[in-house]
Amino acid sequence: MVTHPSTPPAVHYLLQFEPQQHRLKVCATFTAPADGVLTLMLPVWTPGSYVVRDYARHVEAFAASANGQSLRCDKVRLNRYRIAVGTAPDPVEVRYTLYCR
């Protein structure tokens, strides 16, 4: 049996809503990728709309960690974040707050 190398790892989400502050706290847990780099993207479109959107501008306090140790996170494009996982053990935890007003 051959496993496709680009099969994405499982992702688990924990969402915490703060309606009075118009915020959503997101905690996403990933399996550490074999190549040591985790790249995450937000959409830049909405179904039925033909305008490129900047949803990432509403992201606050983006951070990642593994086994309690902070990992380097860089915003490398309008909607893309790169996390240097290296040889960090599983799981990799990504946390951010999304302003939703």
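# Why is it called that?

Visitor: Why is aspartate 74 called partly exposed?
Guide: Aspartate 74 has a relative accessible area of 29%. Buried would need a value under 20% and exposed a value over 50%, so 29% falls in between and the label is partly exposed. By the way, we're looking at a predicted model here.

Visitor: What makes the meeting of arginine 72 and aspartate 74 a salt bridge?
Guide: Their side chains come to 2.9 Å, N to O. The limit is 4 Å between a side-chain nitrogen of Lys or Arg and a carboxyl oxygen of Asp or Glu, so this pair passes.

Visitor: And why does arginine 72 count as exposed?
Guide: Its relative accessibility is 57%. Exposed starts over 50%, so arginine 72 gets that label.

Visitor: How many salt bridges are there by this rule?
Guide: The count comes to four. Among them is the one between lysine 25 and glutamate 18, at 3.5 Å from N to O.

Visitor: How do you know whether glutamate 18 is buried or exposed?
Guide: Check its relative accessibility, which is 18%. Since that is under 20%, glutamate 18 counts as buried. Lysine 25 has 34%, which lies between the two cut-offs, so lysine 25 is partly exposed.

Visitor: What makes glutamate 60 and arginine 23 a salt bridge?
Guide: The closest N and O atoms are 2.9 Å apart, and that is within the 4 Å limit, so the pair qualifies. Glutamate 60 sits in strand β4 and arginine 23 in strand β2, so the bridge ties together parts that are 37 residues apart in sequence. Glutamate 60 is partly exposed at 28%, and arginine 23 is partly exposed at 27%.

Visitor: Let's talk strands. How many helices and strands does the protein have?
Guide: Zero helices and seven strands. From the N terminus on, the elements run β-β-β-β-β-β-β.

Visitor: How do you know that β5 and β6 pair?
Guide: Pairing asks for at least two bridges, and β5 and β6 have five in the antiparallel sense, so they pair. One example is arginine 77, whose bridge partner in β6 is arginine 80. β5 and β6 form a hairpin with two residues between them.

Visitor: What makes β4 and β5 a pair?
Guide: They share three antiparallel bridges. At least two are needed, so they pass as well. Alanine 64 has leucine 71 as its bridge partner in β5. The hairpin of β4 and β5 has two residues between the strands, and asparagine 67 there takes a positive phi near 55°.

Visitor: Why is alanine 66 called buried?
Guide: Alanine 66 has 3% relative accessibility. The cut-off is under 20%, so it counts as buried. Alanine 66 is in strand β4, and leaving aside neighbours within four places in sequence, it is in contact with Leu71, Ala88, Pro89, Pro91 and Val92.

Visitor: Which residues have the most contacts inside the largest nonpolar core?
Guide: That core has 20 residues, and the ones with the most contacts inside it are Leu38, Phe62, Leu71, Ile83, Val85 and Val94. The elements that give two or more residues to this core are β2, β3, β4, β6 and β7. Beyond its neighbours within four places in sequence, valine 94 is in contact with residues including Val26, Phe30, Leu40, Ala63 and Ile83.

Visitor: Why might nonpolar side chains be buried together?
Guide: I can only give you the general trend: in soluble globular proteins, nonpolar side chains tend to be buried together.

Visitor: Which residues make the nonpolar surface patch?
Guide: Tyr13, Leu15 and Phe17, and the patch is about 380 Å². Leucine 15 is found in strand β1.

Visitor: How do you know whether leucine 15 can belong to a patch?
Guide: A patch residue needs over 30% relative accessible area. Leucine 15 has 42%, so it clears that bar. That 42% also lies between 20% and 50%, so leucine 15 is partly exposed.

Visitor: What about the whole protein: what share of its 101 residues is buried?
Guide: Buried residues make up 26%. The protein exposes about 7,300 Å², and carbon and sulfur atoms supply 56% of that.

Conventions:
Residues are numbered from 1 along each chain as its sequence is written. This is a predicted model: local features need pLDDT of at least 70, side-chain atom pairs count only at pLDDT 80 or more; totals for chains, interfaces and linings use all residues. Side-chain values use heavy atoms; hydrogens and water are left out. Patches are made of residues with over 30% relative accessible area and no salt bridge: like charges are joined within 9 Å, nonpolar side chains (Val, Leu, Ile, Met, Phe, Trp, Tyr) within 5 Å. Accessible areas come from the Shrake-Rupley method with a 1.4 Å probe; for residues, only the protein chains shown count as cover. Helices (H or I, at least four residues) and strands (E, at least two) are DSSP runs, numbered from the N terminus. Buried means under 20% relative accessible area, exposed over 50%, partly exposed in between (1.4 Å probe, protein chains only). A nonpolar core is a set of buried Ala, Val, Leu, Ile, Met, Phe, Trp, Tyr and Cys residues joined through side-chain atoms within 4.5 Å. Contact means heavy atoms within 4.5 Å.
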